[in-house]
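Got your viewer open? Let's take a walk through this one, a stop at a time.

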Amino acid sequence: MCGIVGYIGNKNTKEILLEGLKELEYRGYDSAGIAVLQNGTFSNYKAVGKLVNLEEKTKDFTTKDFAVGIGHTRWATHGKPTELNAHPHLGESSYVVHNGIIENYAELKKELTQKGVVFLSQTDTEVIVHQFEKNLKTPLEPFEAFAKTIGELQGAYAILLVTKSQPETIYFAKHGSPMIVGINAENEKYFASSDTPLIGQCSDVHYFEDGDYGYVTPKEIAIFDKSGIKKQPLFKKLSTNKLSAQKEGYRFFMEKEIYEQSVVLADTLMGRISDKEIRFDELPHDLFEGVQEIKLCACGTSYHAALTASYLFERHAKIKTSVEIASEFRYREPIMSKDTLFVVISQSGETADTLETLKMAKEAGLKTLVICNVDNSSMVRLADAAILTRAGIEKGVASTKAFATQVAVFWMLSLYVAGERKSLPKEEIERQITLLREVPATVKVDDATHEQLKRLSKRYLHGHGFFFIGRDVFYPLALEGALKLKEISYLHAEGYPSGEMKHGPIALADPELFTIALLPQHMLYEKAKSNVEELSARDSTICAVSAVAFDKADDFIPIGVCKDYMLEFFEMMVVLQLLALEISIRLGNDVDMPRNLAKSVTVE
Ligand code: F6R
């Protein structure tokens, strides 16, 4: 999804902007651009595709001494990924970059067009700079014109604007899209839409709140809230640990992240499990008091983790649990009762739809909890309580280790609540704690399995589709396996509960339909097996994943013999991730940045 950087200072502005944009690359984008104002003159460069294209275009452009600059990576929403639609967008003498969506852009554009303004792009963003310049001419001081413009916008935005009429200033506004300003000892000022580009450049950062707008100069950071009242920045120390993931010999970040799962899962468990109990010191002690229902809300892979959690909460904590897709929940006028704990799950903590449901729950007076991988993200700052998943930065667009840590947190949380509500015998909680300790070893990639999947992948490059099937928690895992494959191989794949086959989908069965069957030894094995047999009888090509040999399978991927179905879950998760990875590599796709996808979906 789109990313923003900005800089005011004396260093090499071009390099700082490009380096900042590189740190945002993992979010997904299809074009990029920068605008630099130096000695009263603007330089602007844009390129479609990867940042190397922008680097190539700017190779003869140099900046030194004082300058202000803004940069952007764009993930197309309004208008195709073309150079004209790439940000920054130009008015007569100002440039703007923007994340989010301006919902009333069509009306504003119509009015501006009637006044003779010529638009160059198809974007919603371009109205911001023209509206600003219209207000500037009324006449207003640049900051007044900017403030008026912000008041005229509807929708979600993080905006930076630079103008020749105030050449040492960057104007900013934030509403519903993240934006941060950072400072350092050299009196430079940096902007970014997330922490990552600022690590190593800034010592302290301030996170803007929704409704904030203002300006930054070499001497001043002026912030106004939505009522126009000036407020002081609240600086926090920024981590100095770049954690800037390098591939470390792996072919793709996704592969590295699959292999890292053992380590990050150990981190996720650290300090949270003792022999007898689960501890979440970060949770208010009364969080579950009076809670009669848990509602989980998320998108995509995080939704699959939530669906897995719903089985665990009901099974362990004996608490009614429902799961919602955030984009649906937002608009279906849901009934929210105050005895419900509302839990959002998000790797990034910025997904627009999920964030909005969190706001809805807060407004309705529900207790809220977020399970998130990014500290200080919008959701973490908004929810009453937060559990961080500790997966580290995930660069591959297709989520792997974030999902693994989400499920581990939910497993622990279900036992934590079970302990509080005494819904499971102590011995059972202790048994499951010993199982949890085995998770990091369980997800270690087995070389032989990876080799087998590399070889096997060549048999699965064609056909008319994949069914991933499983029962109980292996159904959300099947959904996740299908999503992973779709995302990076562009092959059609669907996840189903195994028992649903005969209610329709089995009509598709033939040798060109590949069924990836999850057959855990410790969860409804016989029932799942007979569902697979039905598909095999109709000549679907079967690839079974199980610890138990299965003679009806065309291909068989063995997993280790585990003590419990949850350990089988984690082993099979790794198999499905590697299968998607190897098929995608064979197809020659860009595994880490698949087409049309973004890492952080900050528009609805
Ligand atoms: C898939 C994937 C997406 C995200 C979804 C929600 O690999 O990563 O489906 O899970 O966009 O994102 P978060 O978890 O950041 O809210």
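Before the first stop, a word on labels: helices and strands here are DSSP runs, numbered from the N terminus, with at least four residues for a helix and at least two for a strand. Keep in mind, too, that this is a predicted model.

**Stop 1: two prolines**

Start by selecting Pro88, in the loop between β4 (67–74) and β5. Look at the peptide bond leading into it from His87: that bond is cis, with omega near -5°. Now jump to Pro139, which lies in the loop between α4 and α5. The peptide bond from Thr138 to Pro139 is cis as well, with omega near -5°. These are worth a look because most peptide bonds are trans.

**Stop 2: helix α4**

Next, select residues 126–136, which make up helix α4. How many of the residues of helix α4 are buried? The count is 10 of the 11, so the helix is largely enclosed by the rest of the structure. Among the buried ones are Val127, Ile128, Phe132 and Leu136. To see what does the covering, show β5 (89–90), β6 (94–102), α3 (105–114), α5 (142–152) and β7 (155–163), which are included in the cover over the buried residues of α4.

Stay in helix α4 and pick out His130. Is His130 buried or exposed? It counts as buried, because its relative accessibility is 9%, and buried means under 20%. Leaving aside neighbours within four places in sequence, His130 is in contact with Leu90, Gly91, Leu112, Val117, Val118 and Phe119. If you want to try a distance, pick Ser93: the C-alpha atoms of His130 and Ser93 are 9.9 Å apart, with their positions 37 residues apart in sequence.

**Stop 3: the ligand**

Now center on the ligand, which sits in the second largest pocket. Two elements give two or more residues to the shell around the ligand: α8 and α15 (474–489). Of these, α8 gives the most to the shell, with 3 residues. There are 14 residues around the ligand, and Ser302, Ser346, Gln347, Ser348 and Thr351 come nearest.

Try three distances to the ligand's oxygen atoms. From an N or O atom in the side chain of Thr351, you should get 2.5 Å. A polar side-chain atom of Lys484 lies 3.0 Å from a ligand oxygen. For Thr301, use a polar backbone atom, which is 3.1 Å from an oxygen of the ligand. On its own the ligand has 400 Å² of accessible area, and the protein covers 89% of that.

Linger on Thr301, in helix α8 (residues 300–317). Thr301 counts as buried, at 10% relative accessibility. Beyond its neighbours within four places in sequence, its contacts are Ser399, Phe403, Gln406, Glu480, Leu483 and Lys484.

**Stop 4: two positive phi angles**

Most residues other than glycine have a negative phi. With that in mind, select Arg390, in the loop between β20 (385–388) and α12 (401–421). Phi of Arg390 is near 60°, a positive value. Arg390 counts as partly exposed, at 32% relative accessibility.

Then go to Tyr490, in the loop between α15 and β22 (493–497). Here phi is near 65°, again a positive value in a residue other than glycine. Tyr490 counts as partly exposed at 28%.

**Last stop: Asn596**

Finish with Asn596, in the segment after α17 (565–586). Asn596 is exposed, with a relative accessible area of 65%. For one more distance, add Glu260: its C-alpha atom is 26 Å from that of Asn596, and the two are 336 residues apart along the chain.

Methods. Residues numbered from 1 in each chain as written. Predicted model: local features only at pLDDT ≥ 70, side-chain atom pairs only at ≥ 80, totals over all residues. Heavy atoms only, no water. Buried < 20%, exposed > 50% of the residue type's maximum accessible area, 1.4 Å probe, protein only. Contact = heavy atoms within 4.5 Å. Near = heavy atom within 4 Å. Polar contact = N/O pair within 3.5 Å; in protein donor to acceptor, adjacent residues only side chain to side chain. Areas by Shrake-Rupley, 256 points an atom, 1.4 Å probe, with all protein chains shown as cover. 1 Å grid on protein atoms, 1.4 Å probe; cavity = no way out; pocket = protein on both sides within 12 Å on 5 of 7 lines; lining within 4 Å. Sits in = over half its atoms within 2 Å of the grid points.
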